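Before you set anything up with this chain, let's walk through the model together. Have a look at the sequence and the fold first, then read on.

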Amino acid sequence: MSPCKKPAGGPPYSRGSAALLASVAAISFPLLGCGGEEAPPPPDIVLIMADDMGFSDLGSYGGEIETPNLDRLAANGLRFSHFYNTARCCPTRASLLTGLYAHQAGVGHMMGDDDLPGYRGDLAANAVTIAEALGEAGYGTYMSGKWHVTRHVGNWSGNDELTSTHNWPLQRGFDRFYGTIHGAGSFYDPISLTEGNTPVELEPSNDSDAPYYYTDAISEYAARFVREHAAGNRSDDPLFLYVAHTAPHWPLHALPEDIDRYRGRYAAGWDVIREKRQERLIELGLIDQDWLLAERDPRVPAWDDVPEEERPWFERAMEVYAAQIDRMDQGIGTLVAALEETGRLDNALILFLADNGGCAEVLTDRWTGLAIPRQALDGSPVAVGNDTEVLPGPESSYQSYGPHWAHVSNTPFRLYKHWVHEGGIASPLIVHWPNRITEGGGIVGETAHVVDLMATALDSADAPHPGSRAGRDSIPVEGTSLLPVFQDQPLEREAVFWEHEGNRAVRSGKWKLVSRHPGEWELYDLVADRTEADDLADDEPEKVARLASLWEAWAARTGVVPWAELIERRRAARQAR
């Protein structure tokens, strides 16, 4: 979009109130590059993503977790109240990196190969990444953190057929990379840790007070990349930095000093904490006071009914989860300081989001795989599973916080990661760009989706989307640039879509059609009822039919395969082996 265009229409955002926004003036944007003036330089672009974090965990989104650095970005930028991910880690990463729906990018489910274009567990060769596009436009490109968009995880897999690096970061447009190729692991000894294309082998620390901690390493490398870019021979070039945290994904690993800050904070239990979060979300203007708080998960007892001897474990689980987010926020503060110290903060477009909603998975001692270590870095045993006699936090434990606290993270919404009801797909989105958002604190009410981030990055950089990759025509970006929102203009789109493990949804305007596999379609008016309490499908058959038709056409176009058919295909493949 040309910056010379005069904004049209009313502002598509509402005003928050209370703690974060005591008073907020109207947002204004300078019209640069008009009337023969020199066009503004392209911005640095920093994408930061949390892993398995719910809608209401951050302070600026109603939570009690201390996130002052992200809250500061929100107070000086914009917060989206209707931003969505894809409900699962690797599909969201594939969409973020390519601006495509995950099936188009080859990651329609997870990292297995079903020998179908949308289900290869590997980024498609004709899907251009943000790093590839921005690299061609003159950007320095850097990544720190979790990759998780290829089944080729190197020698860690134990399979010679999965050692190719063709879809590792350096081969997909990044100049430098530090992080993990695989999707999960210990925070003290992460599996598949890599710098560039070279495996990193950690050694046990002699200093018990300063162990290796993956969240810190991700943040330190991100800040290092900024400083070294600014001090190097490309300092005049813009940079693109993708910071993919694994916090607060299980396991519940956090440093003692961070856990200590939350001791006793969750003694009131999940029912009280959920109610308090709902109240703050209403005060901040992020949700409507008329929306009902989603019912407690039937697997989760009322806090008053939890046996007294089990409560310390449940309290500690949430204390550790909060500490993981707290530590991530500290690292984001380090990164922002590096941008400020190098004089790059004012023209940095920073976007923060989560890859899916809070995770209700309950770890047991039967869990296996690369992500589940049985030994710590020093060779001592690791207790895997949510045993209430083993408190989470140290490397010797490997646990999750389960549905008991995940439904708190997703306040006020229904369900979790995996599902495409609001609890699985609603994400914070914080946008900070001082040169363009000159008075912050606004809340954007437009519907936006992770597929929009690549379009936004290319639009802000005035960079074209490459028409080909690897000798093949590339797939055009599906998303819509969010820059019009920064200029007080509404977004123009018909609908956004979801499919994961047979869970389906489409949102068009205020209407959302959604199905929890293998259930029937449900219809919700998200203006009146975003917590999906009142199913209107029987009352609005024409709307159901119209939206279902939109979803079916999208599914056919993007390579979605019916979940039951995919499961049967996998069963037949196992029998054939």
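Of the contacts between residues at least 6 apart in sequence, what percentage join residues at least 24 apart? The figure is 75%. Keep in mind that this is a predicted model.

## Overall build

Let's start with the big picture. The chain folds into 13 helices and 20 strands. Its radius of gyration is 23 Å, close to the 25 Å from the globule rule for 577 residues, so the chain is as compact as a globular protein of that length. If you need box dimensions, the C-alpha trace spans about 70 × 60 × 55 Å along its principal axes.

## Surface, burial and charge

Buried residues make up 60% of the 577 in the chain. What the chain does expose comes to about 21800 Å², with 48% of that area supplied by carbon and sulfur atoms.

On the charge side, there are 86 negative side chains and 50 positive ones. The centres of those two sets sit 3 Å apart.

## How far to trust it

The mean pLDDT for the chain is 93, and 93% of the residues score at least 70. Where is confidence lowest, and where is it highest? The low end is strand S1 (residues 13-15), with a mean of 31, while strand S8 (residues 239-244) takes the high end at 99.

Residues 1-35 deserve a separate word: pLDDT is below 50 over that stretch. Even so, residues 1-35 make 80 contacts in the model beyond near neighbours in sequence.

## Two helices and their neighbours

Helix H1 (residues 68-75) has Asn69, Leu70, Asp71, Leu73 and Ala74 as its buried residues. These pack against a mix of elements: strand S3 (78-84), helix H7 (311-341), strand S9 (348-354) and strand S12 (426-432). As a reminder on geometry, an α-helix has 3.6 residues a turn, so residues three or four places apart point the same way.

How many of the eight residues of helix H8 (402-409) are buried? Eight of the eight are, so to speak, under cover. The list runs Gly402, Pro403, His404, Trp405, Ala406, His407, Val408 and Ser409. Two helices pack against the buried residues of H8, namely H6 (270-284) and H7. H7 also turned up among the elements packed against the buried residues of H1.

## Backbone details to check

If your setup script has opinions about omega, look at the two cis peptide bonds described here. One joins tryptophan 250 and proline 251, with omega about 10°; proline 251 is in the loop between S8 and helix H5 (256-260). The other joins threonine 411 and proline 412, with omega about 5°. Proline 412 is in the loop between H8 and helix H9 (422-425).

The loop between H8 and H9 also holds leucine 415, a residue other than glycine with a positive phi, near 65°. Is leucine 415 buried or exposed? Leucine 415 is buried, at a relative accessible area of 15%.

Glutamate 532 likewise has a positive phi, near 55°, without being glycine. You'll find glutamate 532 in the loop between strand S20 (522-525) and helix H12 (541-558). Glutamate 532 is buried too, with a relative accessible area of 2%.

Conventions
Residues numbered from 1 in each chain as written. Heavy atoms only, no water. Helix = DSSP H or I, 4+ residues; strand = E, 2+ residues; numbered from the N terminus. Rg over C-alpha atoms; globule rule 2.2 N^0.38 Å. Buried < 20%, exposed > 50% of the residue type's maximum accessible area, 1.4 Å probe, protein only. Contact = heavy atoms within 4.5 Å. Areas by Shrake-Rupley, 256 points an atom, 1.4 Å probe, with all protein chains shown as cover. Lys, Arg positive; Asp, Glu negative; His and termini not counted. Charge placed at Lys NZ, Arg CZ, Asp CG, Glu CD. pLDDT = per-residue confidence, 0-100.
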